[in-house]
Amino acid sequence: MKKIVFLTPPDGEFGFQLAGVAQHTATERTADDMVRTFMADENIGLIVIDERLRQGVNEARLRELEKKWHGILLFLPAPERKGAAAEDYALALIRRAIGYHVRLKV
């Protein structure tokens with residue numbers, strides 16, 4: 001059975017550990033290296049990254065690695081998301097899923 005790994009900023013250090021899931025803390029500087037390390041581990045099938053670390057992960061290199069990787073990479077929305085920021089996140093997910101930008105009127 002493949003493992004699930006959560007990567008969060010230091011302020012979320014104990015959140016997922018309380019549920020018995022492997023959780024590691026990172027900063028924007030260390031996030032990219034940690035994600036590549038997790039992808040190299042054949043026992044890991046799902047990597048969940050807190051969205052606040054997204055700036056530290058090189059998107060182009062990440063997409064290349066993801067094509068070769070056997071698992072799933074998921075960005076977890078930041079807990080303090082409000083209003084327009086929540087809509088921007090939803091649009092980014094849609095753009096990633098279908099490959100182009102869509103304008104939504106709600």
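At 42% relative accessibility, Glu 64 counts as partly exposed, because that class covers values between the 20% limit for buried residues and the 50% limit for exposed ones. Glu 64 belongs to a predicted model of a chain with 106 residues. Its side chain meets that of Lys 67 in a salt bridge, one of four salt bridges in the structure. The points below go from the overall layout to the sheet, helix α1, the salt bridges and two loop residues.

**Overall layout**

- The secondary structure of the chain consists of three helices and four strands.
- Read from the N terminus, these elements follow the order β-β-α-β-α-β-α.
- Buried residues account for 29% of the chain's 106 residues.
- Take the contacts between residues at least 6 apart in sequence: 57% of them join residues at least 24 apart.
- The surface exposed by the chain comes to about 7,200 Å², and 57% of it is supplied by carbon and sulfur atoms.

**The sheet**

- The four strands make an open sheet in the order β2-β1-β3-β4, and their pairing is parallel.
- The edges are held by β2 (22-25) and β4 (72-76); each has a single partner strand, so one side of each has no neighbour in the sheet.
- On average, neighbouring strands in this sheet are turned by 20° against each other, with direction ignored.
- In general, the strands of a sheet pair through backbone hydrogen bonds, in either a parallel or an antiparallel way.
- Strand β1 (residues 3-8) and strand β3 (residues 44-50) run parallel and are joined by five bridges.
- Val 5 has Ile 47 of β3 standing opposite.

**Helix α1**

- Helix α1 spans residues 28-40, and its buried residues are Ala 31, Asp 32, Val 35, Phe 38 and Met 39.
- Viewed down the helix axis, the buried residues of α1 fall within an arc of 135°, so they line one face of the helix.
- Arg 29, Thr 37 and Ala 40 are exposed on the other side of α1.
- The cover over the buried residues of α1 includes the strands β1, β2, β3 and β4, together with helix α2 (59-68).

**Salt bridges**

- In helix α1, the side chains of Arg 36 and Asp 33 form a salt bridge with an N to O distance of 2.4 Å.
- Arg 36 and Asp 33 are three residues apart in α1, which means that about one helical turn separates them.
- Both partners are partly exposed: Arg 36 has a relative accessible area of 32%, and Asp 33 has one of 44%.
- Asp 32 joins Asp 33 and Arg 36 in a network of salt bridges; Asp 32 is also among the buried residues of α1.
- In helix α2, Lys 67 and Glu 64 are three residues apart, about one turn of the helix, and the N to O distance in their salt bridge is 3.6 Å.
- Lys 67 counts as exposed, with a relative accessibility of 65%.
- Another salt bridge links Arg 52 to Asp 50, with 2.8 Å between the closest N and O atoms.
- Asp 50 is buried at a relative accessible area of 4%, whereas Arg 52 is partly exposed at 24%.

**Two loop residues**

- Glu 42 is found in the loop between α1 and β3, and its relative accessibility of 62% makes it exposed.
- Glu 42 and Lys 2 are 40 residues apart along the chain, but their C-alpha atoms are separated by 8.1 Å.
- Once residues up to four places away in sequence are set aside, Glu 42 touches Lys 2 and His 70.
- Ala 78 is found in the loop between β4 and α3 (83-98), and its relative accessibility of 11% makes it buried.
- Apart from its neighbours within four places in sequence, Ala 78 is in contact with Asp 50, Glu 51 and Arg 52; of these, Asp 50 and Arg 52 form a salt bridge with each other.
- Ala 78 and Leu 53 lie 25 residues apart in sequence, and the distance between their C-alpha atoms is 9.4 Å.

Conventions: Residues are numbered from 1 along each chain as its sequence is written. This is a predicted model: local features need pLDDT of at least 70, side-chain atom pairs count only at pLDDT 80 or more; totals for chains, interfaces and linings use all residues. Side-chain values use heavy atoms; hydrogens and water are left out. Two strands pair if DSSP finds at least two bridges between them. Axes are lines fitted to C-alpha atoms, for helices over the stretch in contact, and angles run from 0 to 180 degrees between N-to-C directions. Buried means under 20% relative accessible area, exposed over 50%, partly exposed in between (1.4 Å probe, protein chains only). Contact means heavy atoms within 4.5 Å. Accessible areas come from the Shrake-Rupley method with a 1.4 Å probe; for residues, only the protein chains shown count as cover. The arc is that of the directions from the helix axis to the C-beta atoms.
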